[in-house]
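Visitor: I am new to this structure and would love a close look at one part of it. Could you choose a spot and walk me around it slowly?

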2 protein chains.
Amino acid sequence: MDHTNIAPEQRPQHNGAPPAPARRAHRYERPKVAVDTVLFVVDGGRLKTYLVQLKSGPLRGKWAFPGGLVRVGEMLDDAARRQLLSTTGLECAYLEQLFTFGDPSRDPRAHVVSVAYMALISDPARVAVPSHKYAAGGWYEVPGQLPPLAYDHALIADYALSRLKAKLAYTNIAAFVLPKSFTFKELEDLYAAILGRSLDRRNFRRRIAAMGLLKKLPVKRYGPHRPAGLYSFRKQTLQVVQML
Amino acid sequence: MDHTNIAPEQRPQHNGAPPAPARRAHRYERPKVAVDTVLFVVDGGRLKTYLVQLKSGPLRGKWAFPGGLVRVGEMLDDAARRQLLSTTGLECAYLEQLFTFGDPSRDPRAHVVSVAYMALISDPARVAVPSHKYAAGGWYEVPGQLPPLAYDHALIADYALSRLKAKLAYTNIAAFVLPKSFTFKELEDLYAAILGRSLDRRNFRRRIAAMGLLKKLPVKRYGPHRPAGLYSFRKQTLQVVQML
DNA sequence: ATCCGGATGTGTCAACTTGACACAAAGGGT
DNA sequence: ACCCTTTGTGTCAAGTTGACACATCCGGAT
């Protein structure tokens, strides 16, 4: 996230005072709205997320998720997509709002309310072209050591991962990270990578079958061992299975 | 929600054009941030929510959840509490962020991004003193016929109710709607009112007991019939029970 | 042609959970 | 003493979950 265009006179006063009424500011002064997006990809059985390194400002050198200010007239989702595209060159297959972080001190420069998003891309062309707006950009394995994060992005990272884990259980969200067709083993490895633990193959197949979201394709993938049946998701839009 | 102090030149252009870049606005023009809170109470076995009627503006006469613009330097939660207090005179026992609605056309006057909250009060003094900022205010049963809602508040209402229902299943969120001590029947009626269906008494007791969030008090409530044992929640903060 | 290696694909059983269901107990009121 | 109404409790069948082992299939090597 890089909140450019923040006028210096709009900095909030964070002088250690208790929750001040914060009304000494100009009458029309208001918090700004940003979006920050946690972009996930599964690469080689590892779950990874994209971070950019800030080039300037008090947080120079710290890392952050792609994001930026929302424009007037712009949908929040569109802002997230726009920032993602301009920062990484990637168009996400899935985008979901997570939570809104509004602590006035989360950004030392100004009061910026940030709507956090989670995005998924189906692996193929993950050629993230580093934006010139940032010092660097790259994929980091998660859960794992991330570089020092700016703002409250460590919170956002935790939140995104837990949401992603939860959604695996009752949606076809995996459809957005996998290619059109895939083997059961690939699906299992995806779940294992995201959940951070291995799964029992038989029980996993039973569970997935019970969800009824898969379609068995009449082809197999041949390799040096027994061929694996190929599957695809029935729907390419998010499906939620009932589980009262 | 009443977004006062919105300068007229800050209206977005909604002229039917496709998702326009929306950049003809002034460089420093940005969406505003508001909070809107769905306040729930259970009264006489009925779930109700508080609405205010707008006094002026293009949506005059429509009803809305209490809310308003966030100030610079203010936490989102604090903004929600402040609006709730100034609108109803009530302090909520529980407050939870739901979702952020950012459609630029949700408010015809300006682009206002609204962070929706759900709040609960433990019934006693629900003497909502109507604020002079609104034409009227009152409790409406939900689910049920609500008056015509402004903005996208019908969406928010649905979202809040479904979140509340879901949380009953795996948290002690009921603690914030009930008095300190209560009978099992009162708890059951609360669940029934919120879920909108009756529950089997024996199965309900089994489930609640399994959650392990209740404490049996050594007193009983005497009435015209068999006395009922009194219970209280062990913790008065939100507890989430594991259910993988 | 046969064998081997390694990944794919399948069934059972015990433990637990869920939903349906009926009757006894405890008071106050008459 | 009896009645009325509400509270409080157990069982059983059906379904679900987690643990567990072995046969199948193909390519490649012998």
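Guide: Let us begin with two terms: helices (H or I, at least four residues) and strands (E, at least two) are DSSP runs numbered from the N terminus, and a residue is near a molecule or strand if one of its heavy atoms lies within 4 Å of it. What you see is a predicted model, in which local features need pLDDT of at least 70 and side-chain atom pairs count only at pLDDT 80 or more, while totals for chains, interfaces and linings use all residues. Residues are numbered from 1 along each chain as its sequence is written, chains are lettered from A and ligands numbered from 1 in the order in which they are written, and side-chain values use heavy atoms, with hydrogens and water left out.

The spot I would choose is the protein surface around DNA strand C. This strand has 20 residues around it, and the closest are R201(A), R226(A), G229(A), R206(B) and R226(B). Of the DNA strand C atoms that come within 4 Å of the protein, 40% are sugar and phosphate.

Now for some polar contacts, meaning pairs of N or O atoms within 3.5 Å. The side chain of R226(A) has an N or O atom 2.8 Å from a base oxygen of DNA strand C. Two other residues use backbone N or O atoms towards a sugar or linking oxygen of this strand: P227(A) at 3.4 Å and P224(B) at 3.1 Å. Which elements give two or more residues to this surface? They are α4 (201-211) and β10 (228-233) of chain A, together with α4 of chain B. The largest share, four residues, comes from α4(A).

Sorted by class, the surface near DNA strand C has five nonpolar, five polar and ten charged residues. Here Ala, Val, Leu, Ile, Met, Phe, Trp, Tyr, Cys and Pro count as nonpolar, Asp, Glu, Lys and Arg as charged, and the others, Gly among them, as polar.

Let us follow β10(A) away from the DNA for a moment. It belongs to an open sheet of three strands in chain A, with the order β8-β10-β9 and antiparallel pairing; two strands pair if DSSP finds at least two bridges between them. In chain A, β8 (182-183) and β9 (214-221) stand at the edges with a single partner strand each, so one side of each has no neighbour in the sheet. β9(A) and β10(A) run antiparallel and are joined by five bridges. One residue to look for is G229(A) in β10(A), the bridge partner of K220(A). You have met G229(A) already, as one of the closest residues to DNA strand C.

To finish the walk, step across to DNA strand D. Around it are 20 residues, the closest being R206(A), R226(A), R201(B), R226(B) and G229(B). Sugar or phosphate makes up 41% of its atoms within 4 Å of the protein, and bases make up the rest. Base oxygens of DNA strand D lie 2.9 Å from a side-chain N or O atom of R206(A) and 3.0 Å from one of H225(B). R205(B) instead has a side-chain N or O atom 3.3 Å from a phosphate oxygen of DNA strand D. Two or more residues of this surface come from each of α4 of chain A and α4 and β10 (228-233) of chain B, and α4(B) gives the most, with four residues. The classes near DNA strand D are five nonpolar, five polar and ten charged.

Terms used
A polar contact is a pair of N or O atoms within 3.5 Å; within protein, one must be able to donate a hydrogen and the other to accept it, and residues adjacent in sequence count only if both atoms are side-chain atoms.
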